[in-house]
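Got your viewer open and a hand on the selection tool? Here's a walk through some spots to click on, one stop at a time.

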Amino acid sequence: MERTQSMPMPPPATLSAPCSPPSSPPPSVSKYVVGVCAMEKKTRSKPMREILRRLEKKRQFDVYVFDDETILNRPVELWPVCDALISFYSTGFPLQKAEQYVRRVRPVLVNELSMQHVLFDRRKVYALLTRHGIQVPRHAIANRDLPGGQQDELEEHDNYVVINGVRVNKPFVEKPADAEDHNVYIYYPTSAGGGSKRLFRKVGDRSSEFYPDVNRVRRDGSYIYEEFLNTQGTDVKVYTVGSSYGHAEARKSPVLDGRVVRDSAGKEVRYPVILNSIEKEMARKVCLAFHQTVCGFDLLRVRGSSYVCDVNGWSFVKNSKKYYDDCGLILHNYLVSALRSRYFRQRRANSLTSMGTQMCPQYATEPSTLAANGNGQDWREHNMTRPSSGSDASESSVTSTGSTGGFPADDESREELRCVIAVVRHGDRTPKQKLKTLVWEADLVQFYEKRLVDGKLDEVKVKAVADLQELLDLVRNLIKAYAPGVGSKEAVWEVEGGDSFEKLLQMKRVLERWKFAGINRKVQFKPHKHYAAAVSEGGAEGAEKPKILMILKWGGDLTERGKQQGEELGQSFRNRLYPIEVEEGGLLRLHSTFRHDLKIFTSDEGRVQMTAAAFAKGFLELEGDLTPILVSLVTTLGKDANKMLDHSGQADATEEMQRTKDKLKSLLQRDFSSMEEMKAAIAPLKTESILQAIDVIKNPKEALLRLQELVRKLKAEIAEHVQDKQADETTPLYMGETFSLMFERWDKIHRDFYSTKSETFDLSKIPDVHDCIKYDLLHNAHVGWKCGHELFTLAEALARCYVSQEYGMDIAEKQSIGNRVSQALCAKIRADIVTVMSASSNGEEDPSATKNVYVGGSGDVGEDGAVAGDAADQDVEHHGYRLDPSYAKELRIKSPGTQVRTRLYFTSESHLHTLLNVLRFQCPSWRARHQHGGEDDEYDISLEQEKFSNEILKRMGISVNDHMTQRKYVFRESKLISDSSRRALDRVAEINYLAHVVIRVFETPALQEDSEDRFRVEISFSPGVKDGLAQTSGGASGVEDTIYLTKNMTGVMFEDMLAACVSSVQSTAI
């Protein structure tokens, strides 16, 4: 190559140089010419100007920027001749013309132009990524631009699509094959409420909109259909500059609420985050696969795995001095190295022996930063101070001062919040309704057996649309087959099919009532206790038939009031539980800067999931509909882990609860000689709220008869409205219910509550009576019930005696049932506590402790040892993104080392009762251990109990790797629940909607790591929302006052207590 002494160029007017004119070089040294060929909108942007200014500052380059007039209207023969070229496509850019120029001049390219054609088609992008071993989301492609007008087959169903035999379930993402089309749609399953989200290029402060009624996919072009990956509401953009450097920035995902968060300058808020070693290797591969030195791509991190979902080509960070410094230095070194290499290759090829001028400036040597290993194998960490060389000294990157915890050295008592754990009951709901029937008809038994996992006799839940439809068809056919004989001597259903033909008819009516959505109805199948024996007999003559209990549940949907209350509770949590002094801006600042590790878990109940979504909306100040928030932020636990938040299926706990219920049923239907005898029998622990309820009840048998009569009167009131054909319009009921449906609801309660055949009451219906009348007084008070408040008062008193004592009447029962039902949840809470405490001891809260990592071409992982954990962590507790602390000063973040872990568990009432019993009464072995030892004795944490607790989680698919480092503590009774807290709990009348237990962990960093007092645990409880029905018909608003169970329990003592309680139920089948 002949060095450029002068350049043939058009008149000056055709060139634009946004950076300052280059100074005159020494006479014997000429500069390399770097051309920038891109649309002016890009070349005049601040990031490009900042990078080019740094390139020119090196004094080795003349930078010439082509203007739009030259690019669009002048032939390439008149374009300036360059030694190196920065060129990339954007809207309106003539890519093929630029390629002609490259073929003519043959400059060194920063980004190869021919490969930029691949970026126009998302199908080609995914194919290239896959070919280079880079993970992409699971997907299928519907091609509608095949040769000859052929099209791929696409079958569309309510909750999935099938493309060429490949099934993709909702939620899924629909991307146009054309990468220039940014109209990406997300479709949600009916179980989450359905609808779709439309993503688009930002317009003002909007980047997406939700359409609740649009569920059908587009058919006007070629699309990629890929599974939606739950990234916990975070999108990450990675910017490479060469194969050894990557800058990652995270932002709030547009799929959440579509609101773009902007800073004071109007820029979208993004924060630098740290990539793990696998992601760095992916960045290297993307850079090399697409031959794009400067390249941006989108990354999704899901449960420990990372995926590339889009590659953008030339992209740069919008506003970061450190990135501009890094990018300018790396581009400088890349260009000098490439130009010098090409020069020497050509020199050898041409056997050149002398030059008229000095070809390579003496200061054009590469700093050691990028050649530390002699082979360029070094991945630059953002938290490293860049060594400078020669003229680079003035441009060294901002050095992170790090954070030692954010407390002054002389403030030894300062505490910092480290963890918030909350267990929350769902919000206000419509009345739950249930129908149970024992069946042995062969078709129903076969329906159950078909859905068993590995043939294991277990409970089966049916919620999917297709399964519910199959069951409905089956029930219809059975009714047709057996109906002719009903009421005659030929009636055979009770012999061949089940215990009640009427229940089969009612099941059909319920299944037909609404369009199947999976969120408002479910059917449970449980094998009868003699099922296995009956199956083994194989239908021998005279043998008992295999029987299953079929339970249809409907109603229980979260109300609009419940959604509003959930959102308000989220706002309250945000403002109350996270100290503002942690960082100016409180929780939202902490969360947006990726120093807040948030996970939200729910059971599979629809009302619980929607409560969690409403809470998240208020907690993180989101906008819009709940469905996208639910799918993006809330983790619904799988079948094995679901028992953590749903006690169904825990047979040993269920059997013990049933014994307690039977005892209660007997006590509440017998005569007592005195009020004192009755109180001693029904309230053995002398709980104040139950004693007050007994004063209202007076005589239990008479109270039950009175309750039955009040239900009958209320039913008669409703019947009058049913007769009025205009009542549904003149007196509209809440959430669209009609008076006919209301009558059916109360008629079922009236029939189920008292059996005329056996002349006995079914006390398990007391909670249903209480729920229904409370619902109607809160939401349908405008009807003007005549006997409503009298019914509510009596039902509430009976419910106080019955509901809380289902989970144990004495301490031993409360301990046993509590530890059985809450075993998995307590194990998870314990693991959360241990993770926080061990992270502090191991220094894991300081990301800057990691070393430089480079992943070689062989695919071997790097040096920091984190990859094994990343690769193995495929569960719900994956490690989220972490703020890159080296940008803290630039971003004005005071405490980059601060990390707060938040775990929110949304569940049903049963888990609040049982968890409170565990916190209040612990377990017999733990209590006995400390009673024998005495006050102020030192205790060791049991390694066996710790292992057992971890094993429970591992069997549910939740990996646990942390262990307590501090293993000794001093027991003090005063650190447990105080007497005043016990009395306050005894006064709680009901664990109402949105009742919650909150556990906060604080650290005093100034204390020694082995100090028991370094971590303090605070536990509080709120009974939930205020109903106020006893005082006013309209109800009250807000949440009941908080009861602090303890404020000074040490973390070590709390961990040991939980481990002991979890291990106390060794026989539980996990």
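**Aromatic pairs**

Start with the rings: there are 30 aromatic pairs to find in this predicted model. Select Phe66 and Trp79 to see one of them. Their ring centres are 5.6 Å apart and the planes make an angle of 80°, over the 60 that counts as edge-to-face, so that is what this pair is. Now colour by secondary structure. Phe66 belongs to strand E3 (residues 61-66), while Trp79 sits in the loop between helix H3 (68-73) and strand E4 (84-87), so the pair bridges distant parts of the chain, 13 residues apart. Turn on a surface and you'll find that Phe66 and Trp79 are both buried.

Next, select Tyr448 and Tyr531. This is another edge-to-face pair, with 5.7 Å between the centres and 85° between the planes. Here the partners are 83 residues apart: Tyr448 comes from helix H8 (residues 442-449) and Tyr531 from helix H12 (residues 531-537). Are these two tyrosines buried or exposed? Tyr448 is buried, at a relative accessible area of 0%, and Tyr531 is buried too, at 1%.

**A ring cluster and its sheet**

Now pick Phe172, Tyr185, Tyr187, Tyr223 and Tyr225 together. Ring pairs join these five into a cluster. Add Arg218 to the selection: its charged end sits over the ring of Tyr185, 3.5 Å from the ring centre.

Switch to cartoon and look at the strands here. Strand E10 (residues 172-176) pairs with strand E11 (residues 184-187) in the antiparallel sense, over three bridges. Within that pairing, Phe172 stands opposite Tyr187 in E11, and both of these residues also appear in the ring cluster.

Zoom out to take in the whole sheet. It is an open one of six strands with antiparallel pairing, in the order E6-E14-E10-E11-E12-E13. Which strands stand at the edges? They are E6 (139-142) and E13 (206-211); each has a single partner strand, so one side of each has no neighbour in the sheet. Look along the sheet and you can follow the twist, which averages 20° from one strand to the next.

For one more charge over a ring, jump to Lys547. Its charged end sits over the ring of Trp440, 4.9 Å from the centre.

**A serine with two contacts**

Go to Ser320, in the loop between strand E19 (305-313) and helix H7 (321-350). Ser320 is buried, with a relative accessible area of 2%. Show its side chain and trace two contacts. One reaches the backbone nitrogen of Tyr323 at 3.2 Å. The other is a polar contact with the side chain of Glu890, at 3.0 Å.

**A covered strand**

Select strand E25 (residues 596-602), which is mostly covered, with six of its seven residues buried. What does E25 pair with? One partner is strand E29 (residues 900-907), which runs parallel to E25 and is joined to it by seven bridges. Find Asp597 and you'll see Arg901 of E29 opposite. Strand E26 (residues 634-636) is also a parallel partner, over three bridges. There, Thr602 stands opposite Thr636.

**An enclosed helix**

Move on to helix H25 (residues 811-821). Eight of its 11 residues are buried, so the helix is largely enclosed by the rest of the structure. Highlight the buried set if you like: Glu813, Lys814, Gln815, Ile817, Gly818, Asn819, Arg820 and Val821. Then go to the start of H25, where a side-chain oxygen of Asp810 comes within 3.3 Å of the backbone nitrogen of Ala812.

**Last stop: cysteines**

Select the cysteines and show their sulfurs. How many disulfides does the structure hold? Zero. To see why in two cases, keep in mind that a disulfide needs sulfurs within 2.5 Å. Click on Cys826: the closest cysteine sulfur is in Cys1061, 6.5 Å away, which is too far for a bond. Now click on Cys1061, whose own closest cysteine sulfur is in Cys923; at 3.9 Å, that is also too far. Cys826 is buried at 2% relative accessible area, and Cys1061 counts as buried at 1%.

Notes: Residues numbered from 1 in each chain as written. Predicted model: local features only at pLDDT ≥ 70, side-chain atom pairs only at ≥ 80, totals over all residues. Heavy atoms only, no water. Phe/Tyr/Trp six-rings, centres within 6.5 Å; stacked < 30°, edge-to-face > 60°. Helix = DSSP H or I, 4+ residues; strand = E, 2+ residues; numbered from the N terminus. Buried < 20%, exposed > 50% of the residue type's maximum accessible area, 1.4 Å probe, protein only. Lys NZ or Arg CZ within 6 Å of the ring centre and 35° of its normal. Polar contact = N/O pair within 3.5 Å; in protein donor to acceptor, adjacent residues only side chain to side chain. Pairing = 2+ DSSP bridges. Axes fitted to C-alpha atoms, helices over the stretch in contact; angles between N-to-C directions.
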